[in-house]
Amino acid sequence: MSDAKYFQRGKIQELRAELNSEKRDPKHQRKKTVMKKIVANMTMGNDMSLLFPDILNVMNVPILEIKKMVYLYLINYARSKPDMAMMAITMFIKDVEDPNPLIRALAIRTMGYIQVEKIVDCLVDPLRHCLRDRDPYVRKTAAICVAKLYMYDNVLVESEHFIDMLRELLTDPNPTVVANAVAALTEISERSENTQLKLNHSIANKLAAALNECSEWGQTYILEALMYYVPQEAGDAEMLAERIAPRLQHANSAVVLTCVKVMMYLMNYMKNEADVNAFCRKLSPPLVTLLSSGPEVQYVALRNILLVIQRRPEVLRNDMKVFFCKYNDPIYVKLAKLEIIFRLANAQSVDQVLSELTEYAAEVDVDFVRKAVRSIGRLAVKIESAAERCITALLDLIHTKVNYVVQEAIVVIRDIFRKYPNQYESIIGTLCENLDNLDEPEAKAAMIWIIGQYADRIENADVLLDDFLYTFLEEPVEVQMALLTATVKLFIKRPTAGQDLVPKVLKWATEEAVNPDLRDRGYIYWRLLSTDPAAAKAIVLSDKPSISTESDNMDPAFLNELLLHISSLASIYHKSPTTFISHYKPRFLIPSPALQLPDSPSTFSLQPLQPQQPQQPQQTQMRMQQPGSFNDLGYNNVAANR
C-alpha cells in the first residue's frame, strides 16, 4: 500500500497519544504507523519537536525499520534540543553494542550526524570500536563517520589517532571498506591544512586491486585517491595506468571520466613516447562512447574533452565525425561540439569541416550560426592552405544578405586580412556593399579597420569614413576608437582626402568624448601629427603582430591545473576551484625523478598558483610638453593644451 496517505497534517496530541498507547501491539505495527506519520509531517515542514520525549521512549523498540525513523527524527531535531538529545546517549551506547550489525552501523552513523558537544564526546570510544568491528558494513560506516567528525572537531580526530586508523583500513580485505576509508581520507586531506594524503607504490597497487570488487562509486573514490600517488619511476606510472585502464569501459560516466583524469595525470610521469601514445589511443573510445549519453552527460564530456585535446592532441584526432552536430542537439551541446571540431581540424580534414560549418551557418539558431561563421574565419587563420576556400565560403554567406551572418563574416575577414596581408583585398568591394547593414559595434569596428588599413586602395575611403562619422559621439567606445585610428591612417596615406576629417575627429575625441582612453589616444595622435609626421607614420602604419589561433589556447600552467580536476565542476566552468570554493587546497604536479618536463618550463604547474602582489605605484610623474600648431592642417591645437 502506498505511503502517500501519511502525508497529512497531524495534531501533536493525537500523535503523542498513539505513541504512548498501551493497547496490545506485539509486532509494533501501530508504532511503525505513527512514526511514518511523524516523518511525513517532518518532510512537509511541520514542527514535530514537541514529541521529542515521546520519541526517545520508542528507541527501545528492537525493530530496525522503526529505529531508522527514530534516528532520522533525532538527526533532524537534536541540534534544536541538545539537552533532550543527551537523554538518547544511553540508547546509542546500547545500540552500538547490539548483535545486529545493521543496528550497530545505524547507531554510529546517527551519532556522527548529531553534532552536539556531549554526544560527540561520547562518540569517541564507540567509533574506535566500530573501526575495528568484525562486520565490514560497520567498519565502512565508521570510516565515513570519521570524516564527518573531522568537519566538526578536527583537533579531536587528530588527537584520538582516527586518521591512523583510517590508514590501516586501506589494507582491509573488504573492498567496500577500503573505498570508504579512501573517501574519508581524501575529504580530510582536502580540508586539512597540515594533513596531506600520500600513497606509496604498495598501497596504490592494493587500491588498484580492490577496484574490481567495488561498487561504481567506490571505484570513483579509489580512482580519485590515486591522484595522491606520485610515481618515482616511469615504469610505475605505466604499470598503474595499465591496471586501471579497464575502468574506461565502465558503464558509469563518473568512473570513466575519473579514470581518464588519473591516466592523464600518470602520463606526465611516463618517459616513453610510444607508451604515452598507446594510452592516448585507449582514451579515445570511452570518450566517444560518452557522447551517446543524454545531453547533460554529453556536455560534461565535451567540456572535459576540450581540456584533454589541448594537452594531448593525438586523443580523438581521428574521430572528427562523432562531434558533428545533430539536428536535435541542445544549443549548449552544439556550441561545445563546434569548439572541438575547430580544434581537431587539420589540413587533411579541412574540406569536410568547412562543408559542415557552411551547413551550420544556414541553421535557424542565431548564436549557433554566429559561432559557425566565426569558426570558418578561425579555420582560415589556423590552416593557411584552406584560407582561400574559407574566404569563398564567407563571401557566399555574405551574399545571403542575412544581417547577423554578414556582420559576423566581416568581423572574421578582418582577422584574415591581419593574418594574410595583401592577399585577399579584392573582396573589399563586396564588403563595402554591405555598409548599410552594419549595426553591431564589433562589425562596425571591423569594417572601419578594413577601410583605414586599405585607405590607399579604396578610392572613396574618405566618403565611407565620413558616413560613419555622422554618429561619432553616439557610437560605443570600440567604434569611436576604430574611427579615430582609421581617419588618422587615411590622412597619413592620403593627406588631401583626410585633411577635412582629421581635425573634426580629433576635436571630438579630445573635447567632447567622455572615455579617457579615447581622449588620450586623440591627444597622442594630435601631438604626433603636429610635431613629427614621420614618427606618426612609422607608428600608426607599423607592421601589425601576426595573429594565430594559439591565442585561443589556455595558459599551459592553468591547463595542467584544470586537467587535475577532470570530472569536477572546475573542468566544466574552466575555472580554478579556488575561485568558487573557499579554503580549497590547490592541486599541482608533485616533482619526482619520473616527472617529464616539456621543452618549455612554463608548461607545467609544479607549484600552486600564487596571487600576484600589487605593484607599488611609481612616484615618477609624467609631464607633457605643450603641443605645437597643427600646421599641415591649418588647425590650431587648443584642446591639447588643456
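Is E190 buried, exposed or partly exposed, and at what relative accessibility? E190 counts as partly exposed, because its relative accessibility is 24%. The legends below describe close-up views of a predicted model.

**Figure 1. The salt bridge between E190 and R587.** The side chains of E190 and R587 meet at 3.2 Å, taken from N to O. E190 belongs to helix α12, whereas R587 is found in the segment after α33 (569–573), so the pair ties together parts that are 397 residues apart in sequence. R587 counts as buried because its relative accessibility is 14%, whereas E190, at 24%, counts as partly exposed. Side chains of opposite charge can pair when their charged atoms come close.

**Figure 2. The salt bridge between D172 and R139.** The N to O distance between these two side chains is 2.9 Å. D172 sits in the loop between α11 (162–169) and α12 (175–191), and R139 sits in helix α9 (residues 136–152); the pair therefore ties together parts that are 33 residues apart in sequence. Both D172 and R139 are buried. In the model, the count of salt bridges comes to 30.

**Figure 3. The salt bridge between E339 and K371, and a network of salt bridges.** The side chains of E339 and K371 meet with an N to O distance of 3.9 Å. This pair links distant parts of the chain, with E339 in helix α19 and K371 in helix α21, 32 residues apart. E339 counts as buried because its relative accessibility is 13%. K371 has a relative accessible area of 25% and is therefore partly exposed. In addition, R370, R374, E408, E440 and E442 are joined into one network by salt bridges that share partners.

**Figure 4. The polar contact between R343 and N553.** The side chains of R343 and N553 are joined by a polar contact of 2.6 Å. R343 is part of helix α19, which spans residues 331–344. With a relative accessibility of 18%, R343 counts as buried, because buried means under 20%.

**Figure 5. A patch of negative charge on the surface.** Four residues gather in this patch: E359, E363, D365 and D367. One of them, D367, lies in helix α21, which covers residues 366–382. D367 counts as exposed because its relative accessibility is 52%.

**Figure 6. A nonpolar patch on the surface.** L569, Y573, F580 and I581 make a nonpolar surface patch of about 350 Å². Among them, Y573 lies in helix α33. Y573 has a relative accessibility of 44% and therefore counts as partly exposed.

**Figure 7. Two residues with positive phi, N422 and S567.** Most residues other than glycine have a negative phi. In N422, however, phi is positive, near 60°. N422 is found in the loop between α23 (403–419) and α24 (428–432). Its relative accessible area is 52%, so N422 is exposed. S567 also has a positive phi, with a value near 70°. The loop between α32 (556–563) and α33 contains S567. S567 is partly exposed because its relative accessible area is 29%.

Definitions and conventions. Residues numbered from 1 in each chain as written. Predicted model: local features only at pLDDT ≥ 70, side-chain atom pairs only at ≥ 80, totals over all residues. Heavy atoms only, no water. Patch = residues over 30% accessible without salt bridge, like charges linked within 9 Å, V, L, I, M, F, W, Y side chains within 5 Å. Areas by Shrake-Rupley, 256 points an atom, 1.4 Å probe, with all protein chains shown as cover. Lys, Arg positive; Asp, Glu negative; His and termini not counted. Charge placed at Lys NZ, Arg CZ, Asp CG, Glu CD. Helix = DSSP H or I, 4+ residues; strand = E, 2+ residues; numbered from the N terminus. Buried < 20%, exposed > 50% of the residue type's maximum accessible area, 1.4 Å probe, protein only. Polar contact = N/O pair within 3.5 Å; in protein donor to acceptor, adjacent residues only side chain to side chain.
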